[in-house]
Structures are given as structure tokens and as C-alpha cells.
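Colleague: Could you take me through one part of this model in some detail? I'd love a close look at the sheet and whatever packs against it.

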Amino acid sequence: GTGIPEQYDFSIAWISDTQYYSEQYMENFSKMTNWIVDNKDGLGIQYVVHTGDIVDEFNEEYQYVNASNELSKFEQAGLPYGLLGGNHDTGHGNERYELYDKYFGAERYEGNSWYGGTYDDNKGHYDLVNVDGEELLFIYMSWDIYTPEVDWINSVLEQYPDKKAIICTHPGINANAEPDYFSDLLLEQVCKTHTNVIAMLNGHYHGASMNNVGFDDNGDGVEDRVVYRICTDYQSAPGGGEGYIKMMYFDLENGKIYLNSYSPVLDDYNYYDTPK
């Protein structure tokens, strides 16, 4: 089936690791962005997340031009979105943010009502998305995450302790739901002390997985809350991912989020069809 729930209040589209540079890949990217815009009203899409690797090569400007043109469709449609730099966007740990800053720096987004604030020219930023009385806080941080970046993320969460927060990074858990250094760092130094964090989203690792971590905040031996660590990256499929988009459907009345994927390239729901 489609995996679309019968009842929900709004949805969020999540793309990652697009890295489209060839003609075929760009055609797939275009079909993804067109589908999101075309279905924003019918599916109640209120926001789009991109968890990095927007381009394949950090020093090839034409790739940034192509990606910028595709993402500008959201701006033209009045659809809020957030992004970050993955390792391919920023020189694989060498912190090469020149083209990322040029095309996706803070200046591009600061005039938008949902854009809350920036860290180091949009290396990190946060967005406030208000839908049906539920204001969600999305916090983004690009590839290189160390103490200054953790401190900034904590400062944002301390500013908005009453808002449900979702942290978006490029690294995180892999396709087997195993966490990397960055994921555990944020879990221990951010999520543990901020009870409003409900999820961490990441790409980078080929596949899709979920890792649920419970926290006993009052020390009574019973878990009081869960942080959902979720990985989405379909790039190992033919054509750079076959255009799959992860959809998140929010059911506020019942406190649930439903996940599925859809490819406008293949007109196919659910990349993984085998239940597990």
C-alpha cells in the first residue's frame, strides 16, 4: 500500500544525499522537487528537510548551481525548508565551505519568517515551523561537529525549552542502526539534558534505519521519554537513489509520527517492501 495514514494533521518531506550531477541524476532531483511542490497542498506538506550531501563535489560550482535551482522551487512555492552541509559539500572534514556559503549561506534565508538564527554563516541554523498550533524546532548542523557546535545547539534548546525539537545532521546512525561518534556525542551532551528533543535525523549512510533511545530523567528506573534516531539515504539505488523521498506524517491528536517513502521517478511507495 501507500503507507499514508488515514488521519494526520500535516506532513514533512525529507530528502538526503541527493548529490545529483549527471543529466540523469538531475532529472531525478527535478522530479523530486516538482513532486514535493505539486503535492504540498494535497498531502499537507508544511516543511522540507535536507540532511546534507546536496552536491557530490564541494569544488564543482556547476553542481551547486544545479542544486540551488532545484531548491529554489520551494522558495517560489512559499514552502519552508532547511539544509546542512554534508561531507561531500564541505571537503570531507577539511571544512571547505566556500561554495556552500556562497549558495546556501545565511543571507539567503535570513529574511524568511521561519528562519530562527544562524551559526557560522549557516553551517548551523534553526527553523521554527508552526502548524495547527504545534511549533516544531528544527536544529541543523553541518558535517564537522565538535564542542563549539554542541554548545551552540544547546544554547538554542535552552532558548526554546517548550518546543518539540528535531536535530538534523549528516552523520548519525548507519543502515544497521549503529551510531557513529557524532550521534553518540549529541545523544550524551545534548539529548540527555534537553527533554524536548524527540528525534535526530541523518543521512550519509546508505540505507534506512531507526534506533530508539530511552531516558530515565527522574532516576526511578522507568524510561520517561524516547529519542528516535533515524537514518535515510537512498543514494545506493540506481540513478543516485531513484528519487525516493522520506515522508513524515504528524498525527497531533494521538501523538504519533508515521514514516514512509515515495519515489516520483518510479511512482512507488516504500523502498523496502519486506516487513521487519
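Modeller: Happy to; here is a walk through the sheet, the helices lying across it, and one residue in another helix. Please keep in mind that this is a predicted model.

Let's start with the strands. The sheet is an open one, built from 7 strands in the order β4-β5-β6-β7-β8-β10-β9, and its pairing is mixed. At its edges you will find β4, residues 115–119, and β9, residues 207–215, each of which pairs on one side only. On average, neighbouring strands here are turned by 15° against each other, with direction ignored. As general background, strands of a sheet pair through backbone hydrogen bonds, in either a parallel or an antiparallel way.

For a closer view of one pair, look at β6 (residues 134–141) and β7 (residues 164–168): the two run parallel and are joined by 5 bridges. One pairing to pick out on your screen is that of L137, whose bridge partner in β7 is A165.

Now for the helices. Helix α5, residues 147–159, lies across β4, β5 (124–131), β6, β7 and β8 (197–202), and runs at about 170° to β6. Helix α6, residues 181–189, lies across β7, β8, β9 and β10 (225–233), and its angle to β10 is about 160°.

Finally, a look at a single side chain's setting. Q63 belongs to helix α2, which spans residues 61–76. Q63 counts as buried because its relative accessibility is 0%, and the cut-off for buried is under 20%. Setting aside neighbours within four places in sequence, Q63 is in contact with Y21, V55, D56 and E57.

How values were computed. Residues numbered from 1 in each chain as written. Predicted model: local features only at pLDDT ≥ 70, side-chain atom pairs only at ≥ 80, totals over all residues. Heavy atoms only, no water. Pairing = 2+ DSSP bridges. Helix = DSSP H or I, 4+ residues; strand = E, 2+ residues; numbered from the N terminus. Axes fitted to C-alpha atoms, helices over the stretch in contact; angles between N-to-C directions. Contact = heavy atoms within 4.5 Å. Buried < 20%, exposed > 50% of the residue type's maximum accessible area, 1.4 Å probe, protein only.
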